[in-house]
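User: Could you pick one spot in this model and walk me through it up close? I'd like to know where it sits and what surrounds it.

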Amino acid sequence: RIRAHVAVGLHETSTVPDGGVNLRFSLPNSPQRGVWPPFIANYVVTVADTLALELIVTNTSVDQPFNFENCLHTYFTVGDITAVSIAGLQDLSYLDKLENFASKTERTNALTIASEVDRVYLDAIGSVEILDSSLGRKIRVEKSGSASTVVWNPWIAKAQQMPDFGNEEYRQMVCVESGNVAKNRVSLAPGKTAVLRVKLSSAPL
């Protein structure tokens, strides 16, 4: 498996009827793309009362399948990580990356974080809510075309080891990512398109 982080270029901008802005980015040609079958990737961001994200991938090969993982890395600001709970993951199986990808099951109806967390929830197609009692708000993550949810917080020791991450920044963040990982990876037949959609909204608790 090859993981690549490649810069995308802004392709076009437009306004939407409710006064929001639509931004379309495209993945340019790069040396990294040569290891996969030919494909087109577009990323569409719509900023309005909600934030809508779309990752659109088309396999343009005439005879090769395109197998890949994808994830939208959404990092959320919270008031205090110890006052946050994450709802919508109960009874789902997950891979615990801190224990060599051991398979476990989420038993709680609202996940709380009191140490380093790095989990891949599988067959997770439903919405997730981040309940932040410190800031008095909930963030709702709605999605389609996504069968995995990743939850991550580096906590104290890992934060201190990351050169681009402040030693105390773990207190005010949580990462809840939507995508397709591990057994949920995408297998795209020639000529087919896969769309990963995420809508983010917030409301008072």
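Analyst: Here's a close look at N184, followed by the nonpolar cores. This is a predicted model, so to speak: local features need pLDDT of at least 70 and side-chain atom pairs count only at pLDDT 80 or more, while totals for chains, interfaces and linings use all residues. Residues are numbered from 1 along each chain as its sequence is written, and side-chain values use heavy atoms, with hydrogens and water left out.

N184 sits in the loop between β16 (173-180) and β17 (186-188); strands here are DSSP runs of E, at least two residues, numbered from the N terminus. Loop or not, N184 counts as buried because its relative accessibility is 10% (buried means under 20%, with a 1.4 Å probe and protein chains only).

Who are its neighbours? Skipping residues up to four places away in sequence, N184 touches L122, D123, A147 and S148 (contact means heavy atoms within 4.5 Å). With D123 there's also a side-chain to side-chain polar contact of 3.0 Å (N or O atoms within 3.5 Å, one able to donate a hydrogen and the other to accept it; residues adjacent in sequence count only through side-chain atoms on both sides).

Now the cores. The largest nonpolar core has 44 residues, and I86 and V174 have the most contacts inside it (a core is a set of buried Ala, Val, Leu, Ile, Met, Phe, Trp, Tyr and Cys residues joined through side-chain atoms within 4.5 Å). Another core, of six residues, lies apart from it, and includes L122, V150, V181 and A182. L122, then, is a member of that six-residue core and also touches N184. Back in the largest core, I86 touches V174 as well as residues including N109, L111, V128 and V151, again leaving out those up to four places away in sequence.

Definitions and conventions. Helices (H or I, at least four residues) and strands (E, at least two) are DSSP runs, numbered from the N terminus. Buried means under 20% relative accessible area, exposed over 50%, partly exposed in between (1.4 Å probe, protein chains only).
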